[in-house]
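Let's take a walk through this structure, starting with the overall build and ending at the surface.

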Amino acid sequence: MATEIKLASGNAAAAARPFIEVKGLTAAYDSKIVVREVSFSVAAGEHLSLLGPSGCGKSTTLRCIAGLETPVEGEIVIDSEVVFSSHRRINVPTEKRKLSMVFQSYAIWPHMTVFENVAYGLRTQGVREDEVRSEALRALQMVGMVELAQSSATALSGGQQQRVALARSYACRPKAILLDEPLSNLDARLRSRMREEMRDLQHQFRLSTIYVTHDQEEAMAMSDRVIVMRDGRIEQEGPPLEIYDHPQSRFVADFIGAANIVSGHVRPHGAGQPVILDVEGTAIECAPRAALPRAHADGSHMLAIRAVYAELRRDAVPELANHWPATIERRILLGDLVTYAVRWPGGNLRVHGFPNDLFEEGSRVHLHVPSVRAILVDAD
Amino acid sequence: MSVAASGAATPLAPPRHAARRVRAGVWLPLVFLAAGLGYPLLLLIANAFNVGDAQALPPTEFGIANFAELLNHLDWIGNTLLVSISATILAMAIGIVLAWILYRTTVPGQRVFEVLIAIPYPLGPLVGALAWSALGSPQEGLLNQLYASLTGVQEPLFNIYSVPGIIFVMAIFEAPVAVLMIGAAMQHMDSALEESSTVFGAGKLRTAFRVTLPLMLPAILSAALFLFTSMMGAFAIPTMLGTNARFYVATTAIYVMFQSYPPNYPLAAAIGVVLVVITALAVWASARVLKKRTHAIIFGRNYRPRRMNMRGWTLLLLAFECAYVLVSLVLPLGVLLLASLQKSGGLSWMVSNWTLSNFHYVLIDFPTTRQAIGNSLLLGVGTGTLGVAVATTIAWMVHRSQSPGRRLLEQATMLPQAFPRLIFAFGFMWMVMSLPIHLYGTLYSVLLAYIIVFLPLAYRGMSGVVVQIDRSLEEAARISGARWGRMMRTVTLPLLRAGLLANWVLLFMISVREVSASLFLSGPGTQVLGPAIFSFWDSGGLPRVSALAVVQAVIILIALVVVRRLARAKPGR
Ligand SMILES: Nc1ncnc2c1ncn2[C@@H]1O[C@H](COP(=O)(O)OP(=O)(O)OP(=O)(O)O)[C@@H](O)[C@H]1O
Ligand SMILES: [Mg+2]
């Protein structure tokens with residue numbers, strides 16, 4: 001295992017070079033196209049998440065990379081080896097791609113013991129039996145399952161199966177790990193613990209990882225980069241914080257985090273001047289952008305304001321831009337957060353606050369939206 | 001972790017290759033079924049309209065005279081419907097109650113009864129009819145004699161050679177199928193569905209009728225359909241119990257016409273066509289009903305149904321199970337064993353009147369039965385192995401491939417179920433006679449016929465097994481670097497093993513005991529057990545035919561025990 005780490009860090013040095021490359025991938029079931037011309041790449045050691053609503057084609061994309069589905073079009077390169085290419089007629093079978101995968105259902109073989117499950121990949125590679133033993137046990141140790149090595153795989157709880165699946169995929173020395181919603185069958189508490197454990201494993205091995213999820217928290221917490229998919233296409237791609245702070249479209253703003261979408265008309269402005277959006281007669285100064293986003297059919301533009309980035313104050317600070325009097329209409333305590341329904345001149349807004357400084361329902365406050373947090377987005 | 005060591009990728013062009021393999025997997029069985037099922041049907045229809053030379057194959061003159069003639073014999077069709085419908089209803093009632101006791105109540109002995117209740121089906125109607133004629137014939141019947149000696153009343157207690165007798169014996173020997181099919185659905189039904197009904201204020205009875213029954217309907221309907229078709233084609237029971245009373249059903253009439261000289265093939269074919277039309281209508285009707293209600297959701301995962309404690313009723317329900325086992329298993333096997341030990345015709349309890357010579361005769365001395373036993377074993381193994389292989393392949397194609405023909409394939413596979421087996425065998429016989437290759441009078445023709453008629457059963461069993469194996473279990477093996485062969489050996493087959501064995505033994509048993517499908521196909525040199533017992537019953541005398549039936553029962557029981565052992569044993573790694 002020590003050699004792996006060395007090799008992996010060697011790869012990390014050449015991080016600019018894409019380790020997995022997907023070009024123009026199109027996939028279909030029967031004749032229904034579910035993935036359309038998707039292209040992206042994963043650097044060596046990078047953790048990439050595919051995020052999107054149910055049915056948007058994340059799993060299909062992942063399964064194409066694994067070789068479990070045959071794409072209609074496109075090319076897939078893993079570690080400089082073309083494993084699929086539609087026009088060069090290359091399709092390396094799954095078992096020769098040297099990947100590993102964690103399935104949503106875990107796919108723990110019920111007729112084998114925990115140890116045999118983990119050792120399976122090593123045995124198929126023809127590794128010597130004593131080495132199989134030590135490596136499999138080491139992988140089990142990593143996930144804290146050594147004591148259960150000899151127990152039957154059917155006698156495991158969901159969380160334990162999850163760990164075995166992880167150990168199995170790390171044990172076989174893969175080029176990259178693919179994970180398809182590995183945490184979705186766990187309860188919330190266990191999910192957040194496993195999330196951290198997986199993050200640790202990821203830091204330990206620096207294997208290239210593609211992680212499919214529809215849970216934005218998971219994607220945010222675990223990845224170096226996130227790809228948001230929608231209807232079989234890539235909607236936006238970037239580091240988690242960039243996607244969070246600068247959603248490109250209404251869809252992304254809606255899907256990730258809690259955002260308010262406000263629509264209004266852009267006031268005429270000169271080059272280099274800040275863009276002002278007119279919402280029901282109220283002017284909002286927006287974050288600068290190279291060009292105006294796509295407008296709605298009726299000519300209006302969409303503005304996304306994250307609920308956490310809007311600020312509520314007791315006292316007015318008149319020198320601030322985007323500053324209005326407002327009324328707290330409702331207050332919902334969520335535990336770590338408080339959500340306020342706020343009435344302001346432009347309509348209604350949802351604003352997050354913290355329980356340490358509560359505003360009463362019906363109280364009059366001041367709302368401030370920093371102009372860099374007022375993001376114009378593509379309308380649908 | 002090898003760094004690009006494998007270098008150039010293998011050029012494979014598998015999108016096309018894989019597709020071709022998949023397509024072959026779908027079209028080959030389709031063609032096999034179309035030929036093996038369609039051609040016999042075509043010949044049957046052609047013969048039914050044959051008004052020229054009855055022996056001509058293919059016929060030259062066509063007309064509807066045979067069907068007009070049938071109008072004089074509507075009682076045959078009427079009798080068939082009467083017997084089949086009544087026996088189906090009775091068997092379903094027994095089956096539903098037994099399945100419910102086994103899987104939804106806490107009545108003790110579930111494991112034992114689960115096994116005992118299943119056995120009468122593989123024992124089969126031939127053994128059943130034989131045994132019950134020895135038990136219930138008005139004069140010599142064991143039960144009637146017992147009754148007379150206990151009460152002194154000369155009137156027999158009952159007469160098994162009657163319509164109710166036929167219905168009763170048919171029902172008890174087919175009921176295990178209903179238990180199996182309905183029991184499977186009952187075991188998988190999520191009781192949360194029932195519980196939520198009671199939560200919303202519905203009483204037990206309302207829940208049973210508004211929730212449980214509708215959810216069970218698909219299983220109940222398909223079991224009823226299966227029973228109805230197989231009873232429409234039932235042969236052994238109506239012949240052995242009905243011919244004395246001159247009670248004819250369609251199959252016995254066909255057999256008589258077949259045996260008469262010269263044989264009246266066209267009329268027999270016309271009866272066959274009418275039967276096929278009736279069963280096809282039944283299939284169509286139930287498909288229509290089922291289409292309106294698809295309950296894919298009722299199958300929960302890893303789910304244990306909640307069992308009801310029946311308190312005071314427990315004893316009564318237990319008694320019902322015992323009574324069923326008594327009439328369908330203990331009494332029949334007991335009377336056959338007793339009869340097989342007799343030196344002469346009567347049923348004597350005196351050990352001094354007993355002998356093993358009947359067994360010696362059927363096993364060793366008499367070449368026909370000896371050969372029949374050997375042939376039946378061969379056929380059982382052949383049908384089991386090939387049938388399971390074909391059924392598994394088809395189940396795989398239907399459930400695992402994306403191939404466009406897969407729904408069609410599934411329907412085609414289930415199609416033989418719409419043919420009463422005896423009718424199918426009748427058409428099949430003509431097909432093998434008309435083929436240029438020499439197939440008629442060989443075991444291969446019987447084997448082929450068995451595979452086709454038992455395919456629906458085998459497919460049903462295997463697809464139940466295949467769908468339970470999550471496909472990601474196999475995909476995980478592929479990802480771990482296993483090639484197809486290794487994946488099959490280490491993951492797929494071990495997971496399928498219990499299911500393969502169970503279905504193999506089912507096919508083995510029902511082929512060993514089959515009579516309807518082999519009656520017209522076996523002949524001199526290709527004797528098999530079912531028809532041999534049947535012709536022995538005509539000519540051999542009760543002790544010898546009983547001995548042969550006992551031999552058949554023993555073969556079936558041994559197979560059952562051995563396979564249960566094998567299936568339970570942990571696979572060695
Ligand atoms: N085996 C299949 N046959 C036919 N259509 C399929 C199959 N698998 C998926 N689809 C369809 O392809 C589309 C994309 O499916 P995919 O499983 O990639 O979605 P996903 O993004 O992973 O969604 P989820 O979050 O629900 O898993 C869906 O519309 C789905 O209905
Ligand atoms: Mg998915």
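**From the fold to the surface of chain B**

In chain B, residues 24 or more positions apart account for 78% of the contacts with a separation of 6 or more. Keep in mind as you look around that this is a predicted model. The secondary structure of chain B is easy to sum up: 22 helices and 0 strands. Of the 573 residues in chain B, 52% are buried.

Now for the outside. Chain B has an accessible surface of about 25,700 Å², and carbon and sulfur atoms hold 67% of that. Two patches on this chain are worth a stop.

Begin with the nonpolar one. Val554(B), Ile558(B), Val562(B) and Leu566(B) make a surface patch of about 330 Å². Pick out Val562(B) and you'll find yourself in helix H22 of chain B, which covers residues 542-568. Is Val562(B) buried or exposed? Somewhere in between: its relative accessibility is 42%, so Val562(B) counts as partly exposed. The cut-offs behind that label are under 20% for buried and over 50% for exposed.

The other patch carries positive charge, and it brings together Arg111(B), Arg564(B), Arg565(B) and Arg568(B) on the surface. Which element gives the most to the positive patch? That would be H22(B), with 3 residues. Arg565(B) is a handy one to click on, and it sits in helix H22 of chain B. With a relative accessibility of 61%, Arg565(B) counts as exposed, because the label applies over 50%.

So helix H22 of chain B is home to both Val562(B) and Arg565(B).

Notes:
Residues numbered from 1 in each chain as written. Chains lettered and ligands numbered in written order. Predicted model: local features only at pLDDT ≥ 70, side-chain atom pairs only at ≥ 80, totals over all residues. Heavy atoms only, no water. Patch = residues over 30% accessible without salt bridge, like charges linked within 9 Å, V, L, I, M, F, W, Y side chains within 5 Å. Areas by Shrake-Rupley, 256 points an atom, 1.4 Å probe, with all protein chains shown as cover. Salt bridge = Lys/Arg side-chain N within 4 Å of Asp/Glu carboxyl O. Helix = DSSP H or I, 4+ residues; strand = E, 2+ residues; numbered from the N terminus. Buried < 20%, exposed > 50% of the residue type's maximum accessible area, 1.4 Å probe, protein only. Lys, Arg positive; Asp, Glu negative; His and termini not counted. Charge placed at Lys NZ, Arg CZ, Asp CG, Glu CD. Contact = heavy atoms within 4.5 Å.
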